[in-house]
Each structure stands twice: as structure tokens, then as C-alpha cells.
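The exercises below concern the structure shown next. Each gives a task and then a solution in steps.

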Amino acid sequence: MTAAHGAGPGSVRWRMLAVISLGIIALTLNWFDVATAFPLIGAEFKVGLGSLSYLISLYIVGYGLTHIPGGMLATAIGMKKTLVLGLLVQGLAGIMSGLSHSYAELAFFRFVSGVGGSVFIAVGTAAVVVWFREKDVTLALGITGGAVFSAGAALALYGWLYVQQATSWRTSLILAGVFELLVMLATIVAFRVPEGDQSLGGTRFDRAALRATLASRDLWVYGVALFGGYGAYFTTSQLFSEYVTLHRHFGTSAGGLLSALIALAGIPGSVLGGYCADRSRNLRMFVVGPLIVVAALLALIPAVPARALWVLGIGIGFFLIFGFAAWLAVPVRVSNIEQQHIGTATGLMLTLAALGGFFIPIIFGHLVAHTGFDTGWVFLAIVSFTCALLGLAGRNPATA
């Protein structure tokens, strides 16, 4: 089987997976590093948890709004140029975040960072599909969309805490931005698309095919199914440390470690989930089932003793990412989208999920401010469970 058909020489496609993985580490580092600095940012700019939660949501606004345009841009100018552009925008935004002199400036550059991350992740996911479409696609998506994403988030939430302590919160954000620009240069040198498909280097829009992509029923169903769990995951991973340190009497280091473990738990979860989903025709089970488990774990947070929070946090990280690889495979395994439109299809699903990533942290922050954390965790559980049930309307590969 040739490289043009996505399952070419193993060394080539796995090298391309490594390039995309490096970009995802840079993306997640510049996404989550700001959460490590929340206490210092709040003290310097004199803002509370509600305003800090907006920094999560504003990133998601930029991240959610530009998934589809990023996929369309890749169709027009080519996959490689679009990947490089996404890394450039987010890297510069990370540097400017560290140079911000007010909360408003920081909020703006968090939005811009989300735009760059959005363009990269939608097209990066499409690049993985293009190289692995004929073999191991769900496993490959599990590695990049789950394991590597989780590793980058853990690096930002825990490892970057030590960078911040050794320098300052501003310098730590600047260094993350510089790292992403270096990754951009590596992508320019090392990334390429499979030979034999000229459309991946840029092509004219086929409006009928684009309309068919955006109208695919299963993309909408599965996108909405992750709305609750997606928002709950990012809320938990970035604010759980605040909860355990303020209300469960964890030390700052222990709180940071717990947040990191939530992210790290996604590494085995994503690889195992991708491997199993690749060998099953019941893709829906691998999407909906883990989301229901996540909802149950969220509901237990207010009721369990402090020591059990380690188990719940790790479980949430494991099961959410366990199903994410199967979710990312919907455009190719269920909807059978043409590969030049994979980025747009993935972008549509990520946009629907990102709406949850925007609204849910804001609602959570306001609930916590007015009624306490316990109400916030119950809210996350309810919305995750409700949206997961909607995913039962999605089809499996055998019936699509």
C-alpha cells in the first residue's frame, strides 16, 4: 500500500505523527500554562475566580470560532502552510500574553492564542487521518488527540509550575510561546503530505462537497454529545487544584500534581481507547459510554473524602480521553468525508464541543461564586450526562 493512500511506509507516517505530536505539545503548553499562573495573575490584576474562569472561556472562544475556517483554509492553501500559520499565531500570542500589562490585554491574547490553536488542531487532526486512513487511524488519533495532548497539558499544569517559580508567571508564558515558534520551524522543515494527492497542497473549493461535509448528520450528533464532557474536562483540569487547595486543604504542590494527573491519566486512556475502538464496529459505545462514567465521577466529588479525590480526578482524565480518539474518528469512519475536507469536518465537531468549553466554565465560575463548589460539580455531572445521551442517536460505521 502506498503513502498516497495513507498507510505508506511505516517510518514515514510515524515520523509525520511525531511532527504533529510536537505541535500538539506546544499547543497544549500555551493553552494550559496560564492556569498555573492563576493565583499570581489574580493577585496582580486584582481579579477573582469568576474573571479567571473567563481566561479559560476566552481561549475556547477563539479555539471554537476558527476550527471550520481553519479547515477551509487548509483546503485552499494547503495543509502544511495552514499548520505553520496556526503555530505562528499561537506562539506569538503566548509571548504577548506574558508581556500583557492589564487583565484586558491578557484576555485578548488568550483569545488570539485560541485562534492559532484552533487552526492547528483541526488541520493537524486531518493530517493524522490522511496518513493513517487505511490503517490504525483511531489508534493514531488516540496518540495525538489523547496521549500527546494529555502529556502537554500535564507539562503545563505541573512542570511549568517550576518554570514559573524559577522565573515569573510572565516569563513562563513567554518561554512557552518561544517554544511554539521553534516547533513551527521544525514543522516547516520536516512535515509533508502524502505523495499523489495534489488537493492536499491547496485546491479550489468544491462547494457541493463542502456543503455535504457540513450537513453530515453524524458530525452534528457526535459534536453535541461531547458538549458537556468537553466543557467539564477543561473546567476540572484547570480549576480542580483551586478546589482541593481552598476547600479540601491540599497543599499547593499536591493540588498541582492532582491537576497534572488528571491530564496524564489520558495517556493510557487514549492509547487503550484508540486501540480498542480501531477493532470494534461499535464506535458509538466508545464515545457515549466513557462520557456517562465521567458524569458519574463528577457527581461523586462533593460526597467523597479528600483522599478519594485522587481516584476521581484520575478517573475523569482517563475516561474522557479514552473515548476522545473514537470521537475524532467519526468524520472518516462514520461520515466517510473526502480527505481534503477532513479538516473542515473535524472543525465542525470541535466547534460544537468547544461551545461547551466556552459556556460551561463561565457557568461553573458563577455557580461557585454564588452557591459553592458542590453545586458546580453537580452541574458538570448533569450537563455531561445529558449531552452524552444525545450521542445515542449517532450511527456506527456498519450502519452509516
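Helices here are DSSP runs of H or I with at least four residues, numbered from the N terminus. The model is predicted.

**Exercise 1. Characterise the environment of Gln90: its helix, its burial, its polar contact and its neighbours.**

Step 1. Locate the residue. Gln90 belongs to helix H5, which covers residues 79-98.

Step 2. Classify its exposure. Buried means under 20% relative accessible area. Gln90 has 0% relative accessibility and therefore counts as buried.

Step 3. Look for a polar partner. The cut-off for a pair of N or O atoms is 3.5 Å. The Gln90 side chain lies 3.4 Å from the backbone oxygen of Leu27.

Step 4. List the neighbours. When residues up to four places away in sequence are not counted, Gln90 touches Leu27, Asn30, Trp31, Tyr59, Ser113, Gly116, Gly117 and Glu180. Leu27 thus appears both in this contact list and as the provider of the backbone oxygen in Step 3.

**Exercise 2. Describe Ile95, a second residue of helix H5, and state how far its C-alpha lies from that of Leu173.**

Step 1. Ile95 is placed in helix H5.

Step 2. Its relative accessible area is 16%, so Ile95 is buried.

Step 3. Ile95 and Leu173 are separated by 78 residues in sequence, while their C-alpha atoms are 6.3 Å apart in space.

Step 4. Leu173 is also a contact of Ile95; the others listed, with residues up to four places away not counted, are Ile174, Gly177, Val178 and Leu181.

**Exercise 3. Is Leu22 buried, partly exposed or exposed, and which residues does Leu22 contact?**

Step 1. The position of Leu22 is in helix H1, residues 10-36.

Step 2. The partly exposed class lies between the 20% and 50% limits. Leu22 has 34% relative accessibility and so counts as partly exposed.

Step 3. Beyond its neighbours within four places in sequence, Leu22 is in contact with Phe179, Val183 and Ala186.

Step 4. For a distance across the chain, take Leu352: 330 residues separate this residue from Leu22 in sequence, and the C-alpha to C-alpha distance is 25 Å.

**Exercise 4. Relate Gly266 to Ile321 through their helices and their contacts.**

Step 1. Assign the helices. Gly266 is in helix H13 (residues 266-278), and Ile321 is in helix H15 (residues 309-322).

Step 2. Classify both. Gly266 is buried at a relative accessible area of 0%; Ile321 is buried at 3%.

Step 3. Read the contacts of Gly266. Apart from neighbours within four places in sequence, they are Gly146, Ala147, Ser150, Gly317, Phe318 and Ile321.

Step 4. Read the contacts of Ile321 under the same exclusion: Gly146, Ser150, Tyr233, Gly266, Gly269 and Ser270. Gly146 and Ser150 occur in both lists.

Step 5. Add the distances. Ile321 and Ser270 are 51 residues apart along the chain, with C-alpha atoms separated by 5.3 Å. Gly266 and Thr371, 105 residues apart in sequence, have C-alpha atoms 30 Å apart.

**Exercise 5. What are the phi values of Lys46 and Asn336, and where do these residues lie?**

Step 1. Recall the background. Most residues other than glycine have a negative phi.

Step 2. Read the angles. Phi of Lys46 is near 55°, a positive value. Phi of Asn336 is likewise positive and near 55°.

Step 3. Locate the residues. Lys46 is in the loop joining helix H2 (38-45) to helix H3 (49-65). Asn336 is in the loop between helix H17 (330-333) and helix H18 (342-371).

Step 4. Classify exposure. The exposed class begins over 50%. Lys46 counts as exposed because its relative accessibility is 73%, and Asn336 is exposed with a relative accessible area of 52%.

**Exercise 6. Assess the protein chain as a whole: its secondary structure, dimensions, burial, contacts, surface and charges.**

Step 1. The protein chain contains 19 helices and zero strands.

Step 2. A compact globule of 400 residues would have a radius of gyration near 21 Å; the protein chain has 20 Å, which agrees. Its C-alpha trace spans about 60 × 45 × 35 Å along the principal axes.

Step 3. Of the 400 residues, 60% count as buried.

Step 4. Considering contacts between residues at least 6 apart in sequence, 85% join residues at least 24 apart.

Step 5. The exposed area is about 14300 Å², of which carbon and sulfur atoms supply 69%.

Step 6. There are 21 positive and 14 negative side chains, and the centres of the two sets are 5 Å apart.

Conventions:
Residues numbered from 1 in each chain as written. Predicted model: local features only at pLDDT ≥ 70, side-chain atom pairs only at ≥ 80, totals over all residues. Heavy atoms only, no water. Helix = DSSP H or I, 4+ residues; strand = E, 2+ residues; numbered from the N terminus. Buried < 20%, exposed > 50% of the residue type's maximum accessible area, 1.4 Å probe, protein only. Polar contact = N/O pair within 3.5 Å; in protein donor to acceptor, adjacent residues only side chain to side chain. Contact = heavy atoms within 4.5 Å. Rg over C-alpha atoms; globule rule 2.2 N^0.38 Å. Areas by Shrake-Rupley, 256 points an atom, 1.4 Å probe, with all protein chains shown as cover. Lys, Arg positive; Asp, Glu negative; His and termini not counted. Charge placed at Lys NZ, Arg CZ, Asp CG, Glu CD.
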